[in-house]
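Here's a friendly walk through one protein model. Have a look at the sequence and the structure, then read on.

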Amino acid sequence: MTTVDLPLLPLGRGTDALSERGVDCPGDLPAPSDPDLVARARAAKEKLGDRLFVLGHHYQRDEVIQFADVTGDSFKLARDAAARPDAEYIVFCGVHFMAESADILTGPEQKVILPDLAAGCSMADMARIAQVERAWEALATAGMQDVVVPVTYMNSSAAIKAFCGRNGGVVCTSSNAEVALDWAFAQKGEDTKVLFLPDQHLGRNTAVLQLGYSLDECVVWNPLLPNGGLTAEELAGARMILWKGHCSVHGRFSAEVIDELRAKVEDLNVLVHPECQHEVVLKADLVGSTEFIIKTIEAAPAGSSWAIGTELNLVQRLANAHPDKNIMFLDRNVCYCSTMNRIDLPHFVWALENLVDGVVVNQIEVDPQTETDALTALQRMLDLPGKSHRD
């Protein structure tokens, strides 16, 4: 049973106001076979000049990332956008929740544009605001809401970030999840519990491997079952209430493949993202955010061998950038992030050429109240001590 409670939208037709899925692109896209797409993108970008600022997430296609003014992970890019108040247009080559964060952190006169509105995030869609509010009510009925602090991963909708802002919670990234959880557990005394949204694996890996909680103290809340599918006793004994969500890319990596690669490759280093399953993280040599993965490979000695468990566009880019190292993908099959890959050159050119003509397309706008509440949760994260806030 899936945790994604979404309407069926055949072939991407129709709209769903609470999801990034199934949104037709208005207007006519350039043909992907157009040999002039690169030249058209360059010309449009040159015409827009300093009015335009292009953000490119590490998981984007090479054909798109070449036009990014800055590259990075979700929160880093949103902060980069906020640091460019003179840019009239922020074109975010990523997915919907990232563009929402950029809109929250940028000025009201700036316009954030997502080249393809159907570029969403399956993980973010696994925690929908109506489901989370029902879970919050169920925790109140169980007499536990007063000791629960909600913590949401950056990979969540603005509505979920706003929920955390309203209810004394905080946002975290994969880099600062440990310090965010430390903060959360200090909020309501020794009986504090954390409701961690929406990625169960990041929550579990951080709680067990960095904070020292046991697997028995981590329970999974299934939003499609009454009371999350948990008994009163299970809830009472839990410290971490993990939302039943996951990354469709990082969830694919397996301990079995790690064993196979170690048997074939001498002195193999296994480097994975903390969104991977717990058994994969336990078998890895190093675990960290996308920025951590990039810096680790950059600092690695020539001739070293690395199996990397993260999105394939980035792994291929790292392999091409470091031919002196033996870099391989930690899966038997191709595993691109399908929604990230929706941002292609035709959509990018279409968005920029419309801006040249004075037409703003696919603008991402977070309503004022949601923005205020989400910013509260984001500011709590920014105020945390110590570790980097980069995702």
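P226 sits in the loop between β8 and α10 (232–237); helices (H or I, at least four residues) and strands (E, at least two) are DSSP runs, numbered from the N terminus. With a relative accessibility of 68%, P226 counts as exposed. Here, buried means under 20% relative accessible area, exposed means over 50%, and partly exposed is what lies in between (1.4 Å probe, protein chains only). Try finding A87 too: its C-alpha atom is 47 Å from that of P226, and the two are 139 residues apart along the chain.

A word on what you're looking at: this is a predicted model, where local features need pLDDT of at least 70 and side-chain atom pairs count only at pLDDT 80 or more, while totals for chains, interfaces and linings use all residues. Residues are numbered from 1 along each chain as its sequence is written, and side-chain values use heavy atoms, with hydrogens and water left out.

**The annotated sites**

In an unreviewed UniProt entry, the annotation "binding site" covers C121, C247 and C337. UniProt positions are given in the numbering used here, feature names are shortened, and annotations may be inferred rather than shown by experiment. These three cysteines are spread over 217 residues of sequence, yet they cluster in space, with a largest C-alpha distance of 9.4 Å. C121 is in the loop between β4 (111–113) and α5 (122–125), whereas C247 belongs to the loop between β9 (240–243) and α11 (255–264).

The same kind of annotation, "binding site" from the unreviewed UniProt entry, also covers H57, S74, Y153, M154, N155, S174, H273, P274, E275 and T290. Two of these are worth locating: S174 is in the loop between β6 (170–172) and α8, and E275 is in the loop between β10 (268–272) and α12 (278–283).

Which residues does E275 touch, not counting those up to four places away in sequence? The list is M123, Y153, N155, D199, H201, C247 and H250, where contact means heavy atoms within 4.5 Å. Looking from the cysteine's side, C247 touches M123, D199 and E275, again leaving out residues up to four places away in sequence.

Here's how some of the loop residues fare for burial, with S157 added; that one lies in the loop between β5 (148–153) and α7 (158–166).

| Residue | Relative accessible area | Status |
|---|---|---|
| C121 | 12% | buried |
| C247 | 12% | buried |
| S174 | 11% | buried |
| E275 | 3% | buried |
| S157 | 15% | buried |

Setting aside neighbours within four places in sequence, S157 is in contact with F97, E100 and A124.

**Helix α1**

Now over to α1 (residues 37–48). This helix has twelve residues and reaches 17 Å from its first C-alpha to its last, close to the 16 Å expected at 1.5 Å a residue; the expected span is 1.5 Å times one less than the number of residues. Its buried residues are L37, A41, A44, K45 and L48. They cover an arc of only 100° around the axis, so they sit on the same side of α1; that arc is taken from the directions from the helix axis to the C-beta atoms. What do the buried residues of α1 pack against? They pack against β1 (52–57), β3 (89–93) and α15 (345–356). On the other side of α1, R42, E46 and K47 are exposed. After the helix comes G49, with a positive phi near 55°.

**Rings**

The structure holds four aromatic pairs. Rings of Phe, Tyr and Trp (its six-membered ring) pair if their centres lie within 6.5 Å; planes under 30 degrees apart count as stacked, over 60 as edge-to-face and the rest as tilted. One of the pairs is F185 with Y213: the ring centres are 4.9 Å apart and the planes are at 35°, so this pair is tilted. F185 lies in helix α8 (residues 177–185) and Y213 in the loop between α9 (200–209) and β8 (218–221), so the pair ties together parts 28 residues apart in sequence. Both F185 and Y213 are buried.

Another pair is F253 with F329, whose ring centres are 5.5 Å apart with planes at 80°, so the pair is edge-to-face. This pair links distant parts of the chain: F253 is in the loop between β9 and α11, and F329 is in strand β13 (residues 326–329), 76 residues apart. F253 is buried, with a relative accessible area of 0%, and F329 is buried at 15%.
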